[in-house]
Amino acid sequence: MLDNAIVGITKVRDRTIVWANRAFERILGYGSGELNGAPARTLYPDQESYEALGDAAYPIIRQGGHFRGEAQFMRKDGRVVWADASSTVLDHDRDETLWAFLDVTDRKRAEVQHRQLEAQLRQAQKMEAVGRMTGGVAHDFNNILSVILANAELAAAALGADAAEATRD
């Protein structure tokens with residue numbers, strides 16, 4: 001039954017994989033039995049990720065609790081996948097745990113895309129606001145220029161009449 005589950009399941013002892021079901025192997029791109037005996041570190045993109053999950057999970061698990069969190073894991077082909085990982089202790093004395101993994105890579109990609117689209121929308125809204133403000137400033141400037149030009153025409157007309165009288169005298 002566990003081997004046919006759609007959720008990846010693995011049994012780990014001292015952070016070494018003892019058994020993994022087909023779904024777990026498929027999620028991480030490994031063949032049947034390939035992960036048995038492999039250090040769990042193999043599944044992480046870097047040492048920091050490996051330590052971070054261990055630091056978050058094992059204190060909870062060792063106290064009899066259940067850990068659940070999302071983390072990145074490294075497939076055999078080098079691609080990174082996101083998984084919702086949960087774990088519980090099987091045998092305290094043997095430091096044996098059972099882990100369940102659900103691939104959430106597509107959801108994570110959608111979240112990133114959603115954040116990017118939101119940022120683009122905010123930028124477009126800012127540009128629209130700047131455009132409206134610029135249009136308003138241009139309109140106000142045009143109104144001021146109209147007044148200046150009208151006064152200049154009146155002044156020119158007045159000067160024109162005075163200039164014509166001055167040349168007659």
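Biologist: Which residue in β4 is the bridge partner of phenylalanine 67?

Modeller: This is a predicted model: local features need pLDDT of at least 70, side-chain atom pairs count only at pLDDT 80 or more, and totals for chains, interfaces and linings use all residues. Residues are numbered from 1 along each chain as its sequence is written, and side-chain values use heavy atoms, without hydrogens or water. β3 and β4 run antiparallel, joined by eight bridges (DSSP must find at least two for strands to pair). Within β4, phenylalanine 67 is partnered by serine 87.

Biologist: Which residue in the turn between β3 and β4 has a positive phi?

Modeller: The two strands form a hairpin, with five residues between them. A phi of about 95° belongs to glycine 78.

Biologist: Which element supplies the largest share of the largest nonpolar core?

Modeller: This core (buried Ala, Val, Leu, Ile, Met, Phe, Trp, Tyr and Cys joined through side-chain atoms within 4.5 Å) has 26 residues, and Leu28, Leu43, Phe73 and Trp99 have the most contacts inside it. At least two residues each come from β2, α1, α2, β3, β4 and β5 (DSSP runs: helices H or I, at least four residues; strands E, at least two; numbered from the N terminus). The largest share, five residues, is from α2.

Biologist: Is isoleucine 144 buried, partly exposed or exposed?

Modeller: Isoleucine 144 is in helix α3, residues 105-168. Buried means under 20% relative accessible area and exposed over 50%, with partly exposed in between (1.4 Å probe, protein chains only). Its relative accessibility is 49%, so isoleucine 144 counts as partly exposed.
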